[in-house]
Amino acid sequence: MFSPADREHMAEALRLAEKGLYSSTPNPRVGCVIVRDGEVVGSGWHEVAGGPHAEVLALRVAGARARGATAYVSLEPCSHHGRTPPCAEALIAAGIARVVAAMQDPNSLVAGSGFALLRATGIQVESGLMQDEAQALNVGFVSRMSRGRPWLRMKIAASLDGRTALANGQSQWITGPEARRDGHAWRARACAVLTGIGTVRDDDPQLNVREVETARQPLKVLVDSRLQLQPSARLLQGGKLLVATAVEDAPGIAALQDRGAEVLLLPNAQGKVDLAELMRELARREINEVHVEAGTKLNGSLLRENLVDELLLYLAPCILGDSARGMFGLPQLVDLAQKRLVQFGEVQTLGRDIRILSRLIN
């Protein structure tokens, strides 16, 4: 169905889409390459929400040469008026003869209607080329559109024996500078960074991106069931902070609001924060990817509620022993059949540490 040339041009469209890794949110990362008579005559990628889409930028470069050409797009062209006009209409107006897309848009406002609009005008439409790669690039957007919640990636830095901190809470630094810099790159691509009040008490983190260049700081989200965040916490310094709590403490809420924080009251039946509802709320706020940097308790709670999609694990060449804190606070298992399974993905060495990217199997 697809030729080697088709694959080559789609691979280039995906490389262009990846340029929006840190900036296109909440929109998907999209690249477009326009080819006429075997020659690339235009290309573009979607940089920022509200800005021109990849197809529009590629058409601007191609100009009149777009007529009769093939457009390779990493995502189905949109067919609705959002922050910008429909890309499908722009492709039709330019006289594109063929559109090859990596995948259908999971957004219910599009979801095949872009393809239908193109086909109705006689444009040849083909989809599915390098679909897995396109979905991986937009895993958060796909999750938000198809499941109503963001893609949750949990970052853990641990010793070789799976310990994340000493018994007294000390954890800085288990891993080396290369691993920490890489962790900041993952923060930068996320829409939100989430932690718990225990981590704030132990480490007083800033939770912003510092080790790599970024034009955008992710939203900071704190799970604080009893509203224990102190006004002196560095989390309140710079950048937007969303605090999810389970107690209706009017003076405490007002104090945080005075410091610029937003407070959400999301109690569950146990008097804790309803984590599933928090994820749904983040999706409603157009959060695609959540990057978790938390402690044993919150990690365990997220895992128990089947909210963890991916583990970003950094293992350091050291041993801390059984008295140190583990990765997840989970109930004791009585049968190995109760174990949680993961699928190992990419493994990479970073300085003296090892990074393992894996996905939870539900």
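**View 1. Pro26 sits in the loop that links H1 to E1.** This close-up, like the others here, comes from a predicted model. The thing to look at is the peptide bond between Thr25 and Pro26, which is cis, with omega at about 5°. On one side of the loop is helix H1 (4-17), and strand E1 (31-36) is on the other.

**View 2. The whole protein, for orientation before zooming in further.** Counting up the secondary structure gives 11 helices and 14 strands. The radius of gyration is 23 Å, and the globule rule gives 21 Å for 362 residues, so the protein is as compact as a globular protein of that length. Along the principal axes, the C-alpha atoms fill a box of roughly 65 × 45 × 40 Å. Buried residues make up 53% of the 362. If you take contacts with a separation of 6 or more, 69% of them are between residues 24 or more positions apart. About 16700 Å² of the protein is exposed, with carbon and sulfur atoms supplying 51% of that area.

**View 3. A five-stranded open sheet, ordered E2-E1-E3-E4-E5.** Its pairing is mixed. Strand E2 (39-45) and strand E5 (124-127) are the edges; each has a single partner strand, so one side of each is left without a neighbour in the sheet. Ignoring direction, neighbouring strands are turned by 15° against each other on average. Inside the sheet, E3 and E4 run parallel and share four bridges. One pair to pick out is Tyr72 and its bridge partner in E4, Val100. Two helices lie over strands of this sheet. H2 crosses E1, E2 and E3, at about 140° to E2, while H4 crosses E4 and E5, at about 155° to E5.

**View 4. The largest nonpolar core, with 41 residues.** Which of its residues touch the most other members? Those are Met10, Ile34, Ala71 and Ile96. Among the elements that give two or more residues to this core are strand E3 (70-73), helix H3 (87-94) and helix H4 (113-120). H1 is the top contributor, giving six residues. Zoom in on Ile96 and, sequence neighbours within four places aside, you find contacts with Ile34, Leu59, Ala66, Ala69, Ala71, Leu91 and Ile123. There is also a second, separate core of 35 residues, and Leu152, Leu264, Leu313 and Met327 are among its members.

**View 5. A nine-stranded open sheet with mixed pairing.** Reading across, the order is E10-E9-E8-E7-E11-E6-E12-E14-E13. Strand E10 (262-265) and strand E13 (341-350) are the edge strands, and each pairs on one side only. From one strand to the next, the twist averages 25°. E6 and E11 are parallel and joined by four bridges; along this pair, Met154 stands opposite Val292 in E11. Helix H7 (residues 177-189) lies across E6, E7, E11, E12, E13 and E14, and runs at about 165° to E12.

**View 6. Helix H6 (residues 139-147) and what its buried residues pack against.** The buried residues of this helix are Val139, Gly140, Phe141, Val142, Ser143 and Arg144. They pack against two helices, H5 (131-137) and H10 (275-284), and also against strands E6 (151-159), E11 (289-292) and E14 (353-361). Just past the end of H6 comes Gly148, with a positive phi of about 75°.

**View 7. Ser358 in strand E14.** Is Ser358 buried or exposed? Its relative accessibility is 5%, so Ser358 counts as buried, the cut-off being under 20%. Leaving out residues up to four places away in sequence, Ser358 touches Asp309, Glu310, Leu311, Val342, Gln343, Phe344 and Gly345.

**View 8. Asp204 and Leu207, in the loop between H8 and E8.** Neither residue is a glycine, but both take a positive phi. For Asp204 the angle is about 50°, and for Leu207 it is about 60°. Now for the accessibilities. Asp204 is partly exposed, with a relative accessible area of 28%, whereas Leu207 is buried at 3%. The loop itself joins helix H8 (197-203) to strand E8 (219-223).

Key. Residues numbered from 1 in each chain as written. Predicted model: local features only at pLDDT ≥ 70, side-chain atom pairs only at ≥ 80, totals over all residues. Heavy atoms only, no water. Buried < 20%, exposed > 50% of the residue type's maximum accessible area, 1.4 Å probe, protein only. Contact = heavy atoms within 4.5 Å. Pairing = 2+ DSSP bridges. Axes fitted to C-alpha atoms, helices over the stretch in contact; angles between N-to-C directions. Rg over C-alpha atoms; globule rule 2.2 N^0.38 Å. Areas by Shrake-Rupley, 256 points an atom, 1.4 Å probe, with all protein chains shown as cover. Core = buried A, V, L, I, M, F, W, Y, C linked by side-chain atoms within 4.5 Å.
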